[in-house]
Every structure is written in structure tokens, then in C-alpha cells.
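Trainee: I am new to this structure and would like a close look at one part of it. Please take the empty spaces inside the protein, and then the places that belong with them.

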Amino acid sequence: MKNNRSAIKSLFLCVSALTVSGAVLSGCVERTTLNAGEWSLAYDARTNGIDITKGSKLIYDNVYVSYTLSDSLVSSRNYTKHTVSTEKIKDDFGEGYLYEVTYIGDKLPLLVQSFYIYPEKEYVLTDFTLEDASGIATNYMAPVNVDRMPEVLGEGENNRALFIPFDNDCWIRYQSHPLTFTDLTSYEVTAVFNNASREAIVVGSVEHDNWKSAVTMGKGTRYNIGSLVCYGGAADKTTRDSKPHGALKGAKVKSPKVLLGFFEDWREGLEAYARANAVIAPPKPWDKAVPFGWNSWGALQFNLTYTKALEVSDYYKQNLQHNQFVNADKLVYIGLDSGWNSFSEEELKDFVNRCKANGQVAGVYWTPFTDWAKNPEREIKEMPGCRYKDVYLYANGKPQELDGAFAVDPTHPAIEAMMKSISGLFHRAGFEYVKMDFMTHGAMEADRWYNGEIQTGIQGYNYGMKLLDKYFGDMYINLSISPVFPAQYAQSRRIACDAWNKMKDTEYTLNALSYGWWQDRIYQFNDPDHIVLREATDGENRARVTSGVVTGLFIAGDDFSKDGPEEVKNKAMKYMTNSEINAIANGEAFRPVEGDGEKSENRFVRIDKDGKAYYAVFNYTDKELKMTVALERLGLDSAKEYELKELWSGAESSVRTNLEVMVPACDAVIFRME
């Protein structure tokens, strides 16, 4: 970026989508406006803020930036001089305009506030940089500060704001809040919307290399939030941190880039947010079909043995694969979870070979950023002379414990040595799929990192994930407990962890799908965790399987070894071999129909490119559920008649205008409409 800007660099460009104007008072430019498509950005010199308008609606009012410097909070309002410039840009987002305000202040670093406007997009992007040749250190940079949000949504009775968690650990839940809170912090992104009209603002970070980001909303009215701040520098209990966010240091530092959007439908807004992230960090490629298969943790857990693993592989071959339980590549994935290290290397190779002979892909498990023994004096065998106390991520001088394990430093060479050793074993054995678990440990803020260039927890996590990609990148990588972002290192991620067989497990999984379904735009697939059928009612079985296929993929978890219960084998034949149900699991997640559930939404819809629509309804209660939905609310044409088939019962009918549904207690139904 150039430091010296003329007041208006772009002099009334002859482009129909763009106009630049300035109102001059007493010899200075008081207000400078950029019009590009439906977007209008206006810098007001009196407030050092930017008004952002879409069409005729003021969306974000007087946006300014803030940051910390020497423990003081500084904002663009503290600067005394400014210049404004505009220029054309063309990048991976498309063609557009860069609108920049450069601030100069006494004894303050140079501040350049940038907006990236693409006339065809429903959002603008913004970030800012600080420059000082003597160096800067800051652990908080907020590209978006709005002291009082405009009345964007109107006086709807059902205005909501979303809480999005940083990761999926400790059974944390997504939440759709009425606007009655005093303050609310959502991580990386939020949507504020009216559930009836679905109009929404969406705000969130689209860069995840250096910062953990969050959006904080202050109290407003029941119709509108008050203040809004989107910042890099989040570190608290929800990010699993016990010390402040690390500080970025250098002659020039940059904030996270933030999306500011306004959408007719909050669901489209979150999907657009996900796609914007994928422009910057594309999902890890995968040219094969969505995984179907089995994971040992669902039932066997630490009772996993070499013999049982072989028996499960054989059971799938003999009973399920020729009965519709395969993916589009006619394969299933048989995965060993924690406990595989009781196998010898030869047993691991034999297991992989048995899977291959059975038309299967063998999977395995690892936790790269943890020490479960919590024994500081234990030597790391992959690096003789190095002990675990040498590789811990310390906070305030103490090892950091989460989920019963100490966090280790992803940048320490001993951790890379372990990666090299474990990946070597997995490759020698022939594994092609690996589930990586307890990843949040590697993203914690710390007193220091072995690699002195690392300054923040998320930088350390990216460093470690790049090493994982180096050693395991030719395998399918599935993340279990992990941050939502960064996402480019794995093909799939558990949308919610540790969900088993009961309706509460289905509801918990669908809580994450309700407000996190859009994550299949930053990963190839969302993973609903293992589908367990044992010791549950038929309705609970239908609901749990349905929760899997509407989320994206289908990994079962029961004990199918020879001594495994006949009950679950009978259930598997009944609930895992429905070809019409299984065909739904193509990796594309369903959207929620509504966004105002107290815990989880219970209605989800997907409309495929071939015109077929699917509508799933869950009943989390112990009483029969009856409900009616307008086809228009599902995104269908209410003037047309649709042929309807409920895929569990096979019942067929037709529907026009409104669809009436009855769901038994603790059960689910799913309709195909065409």
C-alpha cells in the first residue's frame, strides 16, 4: 500500500457502477462518497467514520477502527489528518474497487483503513494496517466498530442474533438469541436477522492465519442490537485460553479481513460468508465420494482388538456392502479409533489388507497436539534427550490442560519428529484415512513457542497443521475436536462431537447443523459423528440415521464383531440399508427452515440441482408432533403440485400450497418432493 495518497485519487471515473464525490467545506473534503453498484461508502471527516449503505438502506453507521497500543485503546477517531483514495482492483473475489482512508496522527502509527467493494456481491470486505518504522506490538485489532447499529431489520417481533462457538469441544452449543441480552460474543462470525422476513446482517472474519476473531454485540432493543465490534484478539474460556491473545509485532501489522454483508436471507448470508472464506483458503481437495463406513469409538472404544477389527470388516462385506451401504465409489471406510496402538505393526498391515480384500478403505486415529500421560519427565522416543516438559505449551509458567491432556507446542521439532514417525507407520501399514482429534490444544495462546517467529496461538496452530499436511496430506483427513477455522487442512470435520444413540444425541448434532450447516463450504463435508443404534428405540434410530444423512456423511459406530449384540446387527440391516435414505448422504448439508429454536431447529430442507427437494422433520419430545409448513417457506413453488414420498415408511402422496406433517414421539420423518 502507498502511504502518500491524494485526497481523491480516482477523479470521477467514467464507469457506470462507480461514482466518487466530495463535499467541500472551508477548503477541506468533509464527506467523500464511493458508489459502486448497490453499495455506497461515505467517509465523514467530522467523525472519522464510514457509513455503509446498500440500495437506500443504511446498514452500518459510522464504522471506525480500533486497536491496542501500550495497553491503551486507540481508534481512528484519535487521528487528526486523513486522505481518501479509490482505485480499481481485480482479485480472486472479482472486479471491484479499493476505497482507502489513510490516517496520520501525532505520535501514532500510520493507519490505513481499507474497504474492498465488489458491485455484484452482497457484502464488502474491510481490514486495516498499522505502520511504524520503530515497530508496533498489538494483540487487539478491530476493523469494525459501530457504536449504535442502524434499525436495519425493522421492528420485527422475532429478531435474533447467533452465537457461533470457536470449536466443538466440551459439548458447547450454538445458540439463536432473542435481542434481550446485555452483551453477546460470537466467535469468528455472527448473523443478526429477522426470522420471519429472514433479512440479515452477517459480520465475520474471513482470514485465520494470525488472529482468533470474535464479534461482540451490545444491548439495544428487542428489535435491534446496540453496538457491534468485530475484532482479532479473542482469547477466553470459549477459545480454551487462560492468558491473553498473543501480540503481533513488526514495522507493519495487519488486522483480520472482515466481511460486512446484508442479505435477504440469513442462511444465504452465512453460506456467502463460508464461500468468501473458501476464496481465501480453498477447501482441501477430494476427488472421491463422500465416506460411508464405521468407527470403533462408537461402541468398542478401548475394547477394540485386532480380532474384533477384522470381524467388523468381514461383517460389512458380508451383510452391508451388497445391501446399499456403500458410497458412490462402492466403498466403505473402516476406521480404528483410540486403542489401535494395542496392535502390532504386522497386525495393522493385516487389518489394512483385510479391508482392501473386502472392498474397503482402512482408517486410523491420532491426537498430534496432546500428551495424555501428563508426565513431564517422560522422554520423547522420536527425539532422544528431549522430554515432554520441553514441548508443553505453557501459560503463565504452567502446562495447559484441556480434556485431561497437556497441550504441546506444534512448532517444536520433537512434535514434527512424532508426526514423521506416526505418518511413516500409517503409510507402511497402508492407511488412507485418518481422524485427527483434540486439535484445539494446538491453538492455545502460550508464554512462548519454540519457533520464535510464532506470536499467536492460531499462528502456532497453522504451523502445526501445515506440518500435518506435509506428512499426512495424501490421506483423507477428518478433524474431530477442533476449531472451526482454519479449515483448509482437512476434508471434513465433526460438526458436533461425542454424539451416540439417543434423541438427545440427535438433538445435539442438529444444534450444530442448525447454525453451522454452512461449514460444508469451507470443508468438503460436515461429519455428524458416529451413528450408534444400540439400546435405543426405533424412532431414535430413525432420527439418528436421518441426522447423519442430512448433515453430510454416514459413519456407523456399533459393535459388529462376532460377539457383538444381535440387536444392533438387526438394527443395522433395518436402518442402514435403505437405499433412498443413504442416497441423500452425498456430502451436501441441509439448511434449517427456521432460525428461532430455543435449542435446535427441528426442520431442515435441501433442494438439489435436479429439482428434487428433501424435507426432514425431527420430534425431540415424548409427545406426538403435528405441524404445517407452507411450501413457499421451504423454497418451493406453492402454485405447483409435488409428488411426495416419506422415505422411511414409503408412504406416497401429493401436496400443494401447504404440507401437513405428523411425527411420532422421539422420531423423525424425511420426505422427497418432486
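Mentor: What follows goes through the cavities, the pocket, one helix and a few loop residues in turn. The model is predicted, and the values below are computed from it.

A word on how space is found: rolling a probe the size of a water molecule over the atoms shows where empty space is left. In this structure there are two cavities of 30 Å³ or more.

The largest cavity holds about 40 Å³ of space. Its lining is made of Trp-294, Asn-295, Tyr-333, Gly-335, Tyr-433, Arg-494 and Ile-555. Two elements, strand 21 and strand 22, each contribute at least two residues to that lining. Sorted by class, the lining residues are four nonpolar, two polar and one charged.

Strand 21 (292–295) and strand 22 (332–335) are also found beside helix 2, where both pack against the buried residues of that helix. Other elements packing against those buried residues are helix 3 (345–357), strand 23 (360–366), strand 33 (554–556) and helix 8 (566–575). The buried residues of helix 2 are Lys-308, Ala-309, Leu-310, Glu-311, Val-312, Ser-313, Tyr-315, Tyr-316 and Leu-320. Helix 2 covers residues 306–320, and its 15 residues should span 21 Å at 1.5 Å a residue. The C-alpha atoms at the ends of helix 2 are 21 Å apart, so the span agrees with the expected one.

The second largest cavity holds about 30 Å³ of space. Lining it are Pro-165, Asp-167, Asn-168, Ile-172, Tyr-174, Arg-493, Ile-495, Ala-496, Tyr-508 and Ala-512. Seven of these lining residues are nonpolar, one is polar and two are charged.

Several residues of this second lining turn up again in the contacts of two loop residues. Take Gln-519, in the loop between helix 6 (503–516) and strand 32 (525–527). Gln-519 has a relative accessibility of 1%, so it counts as buried. Beyond its neighbours within four places in sequence, Gln-519 is in contact with Tyr-174, Val-484, Arg-493, Ile-495 and Asn-526. Among these, Tyr-174, Arg-493 and Ile-495 are also residues that line the second largest cavity.

The other loop residue is Thr-440, between strand 29 (433–436) and helix 5 (457–472). The relative accessible area of Thr-440 is 1%, and therefore Thr-440 is buried. Its side chain makes a polar contact of 3.1 Å with the side chain of Asp-167, and Asp-167 is one of the residues lining the second largest cavity. With neighbours up to four places away in sequence set aside, the contacts of Thr-440 are Phe-166, Asp-167, Thr-239, Arg-240, Leu-402, Ile-481, Ser-482 and Pro-483.

Now the open space. The largest pocket has a volume of about 960 Å³. Helix 3, strand 23, strand 24 (370–371) and helix 4 (413–429) are the elements that each give two or more residues to its lining. Of these, helix 4 gives the most, with five residues. The lining of the pocket has 39 residues, and those nearest its centre are Trp-340, Asn-341, Trp-366, Thr-367 and Trp-372. By class the pocket lining divides into 18 nonpolar, eight polar and 13 charged residues. Helix 3 and strand 23 thus appear in two settings, since both were named above among the elements packing against the buried residues of helix 2.

A few backbone details remain, all of them in loops. Most residues other than glycine have a negative phi, and most peptide bonds are trans. The bond from Phe-485 to Pro-486 is cis, with omega near -5 degrees. Pro-486 sits in the loop between strand 30 (476–479) and strand 31 (492–494).

Asn-396 has a positive phi, near 55 degrees, and is not a glycine. It is placed in the loop between strand 25 (394–395) and strand 26 (398–399). With a relative accessible area of 57%, Asn-396 is exposed. Glu-535 also has a positive phi, of about 50 degrees, without being a glycine. The loop that holds Glu-535 runs between strand 32 and helix 7 (538–551), and Glu-535 is exposed at a relative accessible area of 56%.

Technical notes. Residues are numbered from 1 along each chain as its sequence is written. This is a predicted model: local features need pLDDT of at least 70, side-chain atom pairs count only at pLDDT 80 or more; totals for chains, interfaces and linings use all residues. Side-chain values use heavy atoms; hydrogens and water are left out. Helices (H or I, at least four residues) and strands (E, at least two) are DSSP runs, numbered from the N terminus. The expected span of a helix is 1.5 Å times one less than its number of residues. Buried means under 20% relative accessible area, exposed over 50%, partly exposed in between (1.4 Å probe, protein chains only). Contact means heavy atoms within 4.5 Å. On a 1 Å grid over the protein atoms alone, a cavity is a set of points where a 1.4 Å probe fits but cannot get out, and a pocket is an open set with protein on both sides within 12 Å along at least five of seven lines; lining residues have an atom within 4 Å of a point. Grid points are joined across faces, edges and corners, and a volume is the space filled by probe spheres set on the points. Ala, Val, Leu, Ile, Met, Phe, Trp, Tyr, Cys and Pro count as nonpolar, Asp, Glu, Lys and Arg as charged, and the others, Gly among them, as polar. A polar contact is a pair of N or O atoms within 3.5 Å; within protein, one must be able to donate a hydrogen and the other to accept it, and residues adjacent in sequence count only if both atoms are side-chain atoms.
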